[in-house]
Amino acid sequence: MSAMPQPEQATPITDEVLEMSFQAIYNQLNLTLRRIGGDDLDRRALEMCVGTVEQLHIDFATRLNENADAYNALCDTLDELQTQLNELSPLQGEIARIRQDAEDRIEAAQNAAAMERLELENKAIGFQSDIDSMADQIVTAALAHKALELTHKNYVRTNPTSMHDERKRLEKDVSSLRAERKDLNKRLQALQGKLNVADKEIAEQRRKTVRANQERDRLEALYEHLKKRVDLHDGREDLRHYTFVTPEGHEVTFYLYNYHFGLMTARNVFGDQVIELADFHYQIRTAAMYAVDVVPSVWGRPVYNGNDMIDLARNSELDQELNRRILARMLLDFPQIHKRIQDADSAPIDELPLTAKTMSVLKKAGCESVLDIAAVLPKDRLKITGVGEKMAAEIEPAINSWCIRWSRENGNVEPHLSNVIASTKTRKAHW
């Protein structure tokens, strides 16, 4: 027996295979068209067959192109769907996670609800037990109440009169106690009112005591202050005497007194001098009752009334003693003026806004500080060697300017009295 023929494997029909089949048909038809020797009618029929095959080839190619376009569009659509699917993959994971979380929460809520239900059932069992117990207690109480009613009825039957009398007595006692309580309330209110009045009086007495203590402290402080002033300026303490010799050779002794009640002498004694601070003064007396008044200037220097005898008597020791007393009084009553004097004494004269010529003249005259020239009275500045009317007029505004600058840095000085008349030449000073 011969072997059975094996069926040939079918060749897959692709675009290339179909194209090759059409080319083979073209070649066969063209070859037949060249070889045929028939009449024109056969050739024309064969050419029409070739044209039909060509049209069929074109139509088939068009259909293949259409299918290819549809296939490509389908592939593009599949690619877009794959891209969207890839983009949705994380969301699917998130949705799965959210779904799992929701399921877990639902399960937890169900477990919690189950536990709460069990707890409520347990509480319900406990409440039921309490209700049963209360019911038993109510039954017991009802039995006890019944027994008390029976006992009360028996007592009323056996002692009806005594019970009524006892009730009346108790009612009287209650009324009496109520009246007593009202009386006690009235007495308590009266006592509270008296207590409030007493508290007010005590508070007022305490305020008066505090004010009295404050006034006492103020008077004690004022007394100490006045005592210091009186002890310093009463004209009796530290009474010193000075001796000088007249041109004729006679010795004259005079005494120095303090006065703190202002200038006592006539105003015209000091002539045309202007003294800015004269609410206390000093007096020099001799054994022959000859008296000379001395007033302090605002710069702490003594100013004497014009007299030949006092000019002879003046010396550095007397000036220093008067200057010391004046500064001590200013420190007590005019601390700002005293501070300005000390600062002017330590300030170099170069701080004054003077011309170079005026500054040179004053330094040659021995003026080294602002106080050295400020303490000199205006009329006495003309006695300085080299100082004339024009230069003296320049010095005064310079000192005023220094005082204004000092006040801006340290504050204004205290207000003071002027008990000496101004000169006929009116001047405006900031001293």
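Leu 74, Leu 78 and Leu 81 form a nonpolar patch on the surface of this predicted model, together offering about 290 Å² of accessible area. Such patches take residues with over 30% relative accessible area and no salt bridge; nonpolar side chains (Val, Leu, Ile, Met, Phe, Trp, Tyr) are joined within 5 Å, like charges within 9 Å. Areas come from the Shrake-Rupley method with a 1.4 Å probe, and for residues only the protein chains shown count as cover. Residues are numbered from 1 along each chain as its sequence is written. Because the model is predicted, local features need pLDDT of at least 70 and side-chain atom pairs count only at pLDDT 80 or more, while totals for chains, interfaces and linings use all residues; side-chain values use heavy atoms, without hydrogens or water.

Leu 78 sits in helix 2. Helices (H or I, at least four residues) are DSSP runs, numbered from the N terminus. Leu 78 is partly exposed, at 49% relative accessible area. The scale is simple: buried is under 20%, exposed is over 50%, and partly exposed lies in between (1.4 Å probe, protein chains only).

Now turn to charge. Side chains of opposite charge can pair when their charged atoms come close. A salt bridge here is a side-chain nitrogen of Lys or Arg within 4 Å of a carboxyl oxygen of Asp or Glu. The count comes to 16 salt bridges.

Helix 2 holds two clear examples. Arg 97 and Glu 94 meet in a salt bridge, 2.2 Å from N to O. They are three residues apart in helix 2 (residues 40-158), so about one helical turn separates them. An α-helix has 3.6 residues a turn, so residues three or four places apart point the same way. Arg 97 is partly exposed at 42%, and Glu 94 is partly exposed at 34%.

Glu 121 and Arg 117 make the other pair, with their closest N and O atoms 3.0 Å apart. Both lie in helix 2, four residues apart, or about one turn. Glu 121 has a relative accessible area of 39%, so it counts as partly exposed. Arg 117 is partly exposed too, at 46%.

The next pair links two helices. Arg 381 and Glu 396 meet in a salt bridge of 2.9 Å, N to O. Arg 381 lies in helix 9 and Glu 396 in helix 10 (residues 389-410), so the pair ties together parts that are 15 residues apart in sequence. Both Arg 381 and Glu 396 are buried. Back in the earlier group, salt bridges with shared partners join Glu 94, Arg 97 and Asp 101 into one network.

Pro 378 also belongs to helix 9 (residues 378-381). Its C-alpha atom is 7.9 Å from that of Glu 396, though the two are 18 residues apart along the chain. Pro 378 is partly exposed, with a relative accessible area of 29%.

Arg 178, Arg 181, Lys 182 and Lys 186 form a positive surface patch. Lys and Arg count as positive, Asp and Glu as negative; His and the chain ends are not counted. Each charge is placed at NZ of Lys, CZ of Arg, CG of Asp or CD of Glu. Arg 178 lies in helix 3 (residues 160-233) and is exposed, at 52% relative accessibility.

Last comes helix 6 (residues 335-346). Its twelve residues reach 17 Å from first C-alpha to last, close to the 16 Å expected at 1.5 Å a residue. That expected span is 1.5 Å times one less than the number of residues. The buried residues of helix 6 are Gln 336, Ile 337, His 338, Arg 340, Ile 341 and Ala 344.
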